[in-house]
Amino acid sequence: MEHPIVERALATADCLKEILSGVSPQELEAVLQELIRVRQEGRKVYITAAGRANLVMRTFAMRLMQIGLTSYVVSDTNTPAVQAGDLLIAGSGSGTTETVAVVARQAREKGARIVLISKSAGSPLAQLADAVLQIPTGRRTRKLQTKGSEFEHSLFVLCDSIGVELMFRLGCIREIEEIDPFIQILHANLQ
């Protein structure tokens, strides 16, 4: 018999499978095309979110950098000015997080394109976005964690999977076994 924590973790993984199986292939493709455009045009990617979603989105910014995109986290001290054609990727479960909305409006005013990753495709932030990637947390059949955790766990797995697909599409890797040596090229070495 497994420990109750392990049982809950495994059941949570099943719930994540239910949620992620409902993600739209067309919405995923739109996000991938935005990222490919940024790379081809030599533009920058800016990442924004709040709370625990911000922690998850920071890992995505790091992964994009490791793939070779120029990526920044909004409000970090080394983040340069956004320019027309750059890309802002915002993570907000509700799609109403005011700090994220302020940043999105500023990015829009400067001519940046916006991708929103959210549970809510009809939110105010979604109205600002050029592309929305909805994480349909309502698909799960069993409640095992907070609704915020459902979103954040799904967000992490989805963003990391987007990174892997982007590596294939950009020709960084040809097979999954090449991923670790490739990531090591730009992986932090001052730790």
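**View 1. Strand E1 and its partner strands.** Strand E1 and strand E3 (residues 87-91) pair in the parallel sense over four bridges; strands count as paired if DSSP finds at least two bridges between them. Helices (H or I, at least four residues) and strands (E, at least two) are DSSP runs, numbered from the N terminus. Please keep in mind that this is a predicted model, in which local features need pLDDT of at least 70, side-chain atom pairs count only at pLDDT 80 or more, and totals for chains, interfaces and linings use all residues. Residues are numbered from 1 along each chain as its sequence is written, and side-chain values use heavy atoms, with hydrogens and water left out. Within the pairing with E3, look for Thr48 opposite Ala90. Strand E1 (residues 44-48) also runs parallel to strand E2 (residues 70-73), joined to E2 by four bridges. Here Lys44 faces Thr70 and Val45 faces Ser71.

**View 2. The β-α-β unit and the cover over E1.** E1, helix H3 (residues 51-67) and E2 build a right-handed β-α-β unit. Right-handed means that, with the strands pointing away from the viewer, the path from the first strand over the helix to the second runs clockwise. Five of the five residues of E1 are buried, where buried means under 20% relative accessible area, exposed over 50% and partly exposed in between (1.4 Å probe, protein chains only). Lys44, Tyr46 and Thr48 lie on one side of E1, Val45 and Ile47 on the other, and both faces are covered.

**View 3. Salt bridges between distant parts of the chain.** The model holds 14 salt bridges, each a side-chain nitrogen of Lys or Arg within 4 Å of a carboxyl oxygen of Asp or Glu. In one of them, Glu29 meets Arg169 at 2.6 Å, N to O. Glu29 sits in helix H2 (residues 25-41) and Arg169 in helix H6 (residues 147-169), 140 residues apart. Glu29 is partly exposed at 30% relative accessible area, and Arg169 is partly exposed at 36%. Asp86 and Arg43 form another salt bridge, with their closest N and O atoms 3.2 Å apart. Asp86 belongs to the loop between E2 and E3, Arg43 to the loop between H2 and E1, and the two are 43 residues apart. Asp86 is buried at 0%, whereas Arg43 is partly exposed at 22%. Asp160 and Arg63 also meet in a salt bridge, at 3.4 Å, N to O. Asp160 lies in H6 and Arg63 in H3, so this pair ties together parts that are 97 residues apart in sequence.

**View 4. A salt-bridge network.** Glu34, Arg37, Glu41, Arg108, Arg113 and Asp130 are linked to one another in a network of salt bridges.

**View 5. Cysteines without a disulfide.** The whole structure has zero disulfides, a disulfide being a pair of cysteine sulfur atoms within 2.5 Å. For Cys15, the nearest cysteine sulfur is that of Cys159, 20 Å away. Why is Cys159 not bonded to Cys172? The sulfur of Cys172 is the closest cysteine sulfur to that of Cys159, but at 17 Å it is too far for a bond. Cys15 is buried at 6% relative accessibility, and Cys159 is buried at 3%.

**View 6. A nonpolar surface patch.** Met62, Met65, Ile185 and Leu186 together offer about 380 Å² of accessible area, computed by the Shrake-Rupley method with a 1.4 Å probe; for residues, only the protein chains shown count as cover. Patches are made of residues with over 30% relative accessible area and no salt bridge, like charges being joined within 9 Å and nonpolar side chains (Val, Leu, Ile, Met, Phe, Trp, Tyr) within 5 Å. Helices H3 and H7 (179-186) each supply at least two residues of this patch. Ile185, in H7, is exposed at 61% relative accessibility.
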